[in-house]
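Here is a short report for a newcomer to this structure. Keep the sequence and the 3D view open while reading.

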Amino acid sequence: GVELRSVSNDNLIANNVIETHGSSSSNAGVRLVSSVRTNNISNNTINTSGTSDNAGILLTSTVGNNTVTANTIRTNGSSNNNYGISLVTDTNNNTITHNTIMTDGTNGGIGIFLTSTAHYNNISNNTIYTNGTTSNNDGILLSTTTDNNKIIGNTIHTNGTGSNHGIRLLTTTDNNTISNNVITAHGRTSAVNHGIYFDGDADNNTVRSNTITVGSGGGNSNNGIKAETNSDSNTFADNVITTDGPGSTNYGIVLFSSVRDNNVSNNTINTSGTSTNYGIYLASTSGNNTITSNTIRTNGSSTINYGIYFATDVINNTVSGNTIRTGGVNTNIGIYLVSNANNNTVFNNTIYTNGTADGSNFGIQLNSAVRNNNITSNIINTNGTGSNNYGIFLLTATDNNIIDKNIINAYGTSVSNYG
């Protein structure tokens, strides 16, 4: 539609209607290429549709200090990789704000895409809809050495038929700020949905004060926030997270696979599927994380609800000052440590378990080779109406743990109650 190339600076591209409808790939409404700076792209209406790799606005190759604002963009390729706005290769210090973006390709629909050393950009107050008809729809995607960007105040809706990610960080994306965004990730099938997803090697990022709602039409595996595979030293704080898929396996916050030194604090988490709901979940060699002052409620309509869950070599974490309520109809566990979850400190938490049917309620459970944990000064209330209520329960080779100064009330109307 419009292209600025090779030191084309200080131009205004405004109030245009741009249509690009190529019969093959790589159609762009507005393209800035090669050392193009301090331009203003505003109030344009842009529609692009080719087979794949279509971009409403494309900034690439040392393009900096440009402003992209108040544009309306629709990309609708018949194949994969359709981008509303794309920043590629040394695109630094640009401002992307107040745009409305709709992507509708068959795969790889991305509202705003930053990749290959895109640094110090401000992505704020945009409204994004991604509705691809197969997998991998991203509201905002940061990939491959994309650092020190600010993702603030955006409204994101993902509703593809496959995996949907509100905001995703992929491969060495560090020191970014993600705050005050409103994210709704509602896939139309049973694929995985994420509100915010750190998909490997995302370090020293701050995720704060976001409102995240995740669900799916098909059922399973919804994640409010997930950080995995060497995503270290991040802060996840003051977020409001709701996961409400109609099937099983809903997670509030997940730290998975060698994820260390993260801070998870002051979040409000509500999970409600049919079964297997987790407020906060740590697994697979995740250590030295701090989980503090979170408010967690899990309310599945069938079996097994966990407030906080540690499994498989989860070591040297601190869990303190959290308020946990589990109220599903069967088997509710406030804090659960299993399979070599060792050397953790669990103190000053307040736990309520209130299952309403068959099964048992546990304030804190240690199960299967769980050793050298410190369970201290927790307040535990179990009041289920099912089989048994346990304040603290140890099972199968749970050795050398300290259980000290806890206050336990086990007064359910079940068969047996145990402190």
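## An aromatic cluster

Six tyrosines, Y251, Y278, Y281, Y306, Y309 and Y336, form one aromatic cluster. The model that shows them is predicted. The count of aromatic pairs comes to 14. How far apart are the ring centres of Y309 and Y336? They lie 5.2 Å apart, and the ring planes meet at 45°. Planes under 30 degrees apart would count as stacked, and over 60 as edge-to-face. The angle of 45° falls into neither group, so the Y309 and Y336 pair is tilted.

This pair links distant parts of the chain. Y309 belongs to strand β34, which covers residues 303-311. Y336 belongs to strand β37, residues 330-338. The two tyrosines are 27 residues apart. Are their side chains in buried or exposed positions? Y309 has a relative accessible area of 12%, and Y336 has 9%. Buried means under 20%, so Y309 and Y336 are both buried.

## A buried threonine

T271 lies in strand β30, residues 268-271. Its relative accessible area is 1%. That value is under the 20% limit, so T271 counts as buried.

Which residues does T271 touch, leaving aside those up to four places away in sequence? Two of them, Y251 and Y278, are on its contact list and also belong to the aromatic cluster. T271 further touches T243, N250, G252, N277 and G279. R297, T298, N299 and G300 complete the list.

## Charges over rings

Two charged side chains sit over aromatic rings. The charged end of K226 is placed over the ring of F256, 5.6 Å from its centre. R325 lies over the face of Y352. Here the distance to the ring centre is 4.1 Å.

## A salt-bridge network

How many salt bridges are there? The count comes to eight. Among the residues involved, E3, R5 and R31 are linked in a network. E3 bridges to R5, with the closest N and O atoms 2.8 Å apart. E3 also bridges to R31, at 3.1 Å between the closest N and O atoms. The E3 and R31 pair links distant parts of the chain, 28 residues apart. E3 is in strand β1, residues 2-5, and R31 is in strand β4, residues 28-33.

How accessible are these three residues? R5 has a relative accessible area of 45%. E3 has 37%, and R31 has 27%. Partly exposed covers the range between 20% and 50%. R5 is therefore partly exposed, as are E3 and R31.

## A buried salt bridge

R168 forms a salt bridge with D138. Their closest N and O atoms are 2.9 Å apart. This pair, too, links distant parts of the chain, with the two positions 30 residues apart in numbering. R168 sits in strand β19, residues 164-170. D138 sits in strand β16, residues 137-143.

Are R168 and D138 buried or exposed? R168 has a relative accessible area of 11%, and D138 has 1%. Both values are under 20%, so R168 and D138 count as buried.

Notes: Residues are numbered from 1 along each chain as its sequence is written. This is a predicted model: local features need pLDDT of at least 70, side-chain atom pairs count only at pLDDT 80 or more; totals for chains, interfaces and linings use all residues. Side-chain values use heavy atoms; hydrogens and water are left out. Helices (H or I, at least four residues) and strands (E, at least two) are DSSP runs, numbered from the N terminus. Buried means under 20% relative accessible area, exposed over 50%, partly exposed in between (1.4 Å probe, protein chains only). Contact means heavy atoms within 4.5 Å. A salt bridge is a side-chain nitrogen of Lys or Arg within 4 Å of a carboxyl oxygen of Asp or Glu. Rings of Phe, Tyr and Trp (its six-membered ring) pair if their centres lie within 6.5 Å; planes under 30 degrees apart count as stacked, over 60 as edge-to-face and the rest as tilted. A charge sits over a ring if NZ of Lys or CZ of Arg is within 6 Å of the ring centre and within 35 degrees of the ring normal.
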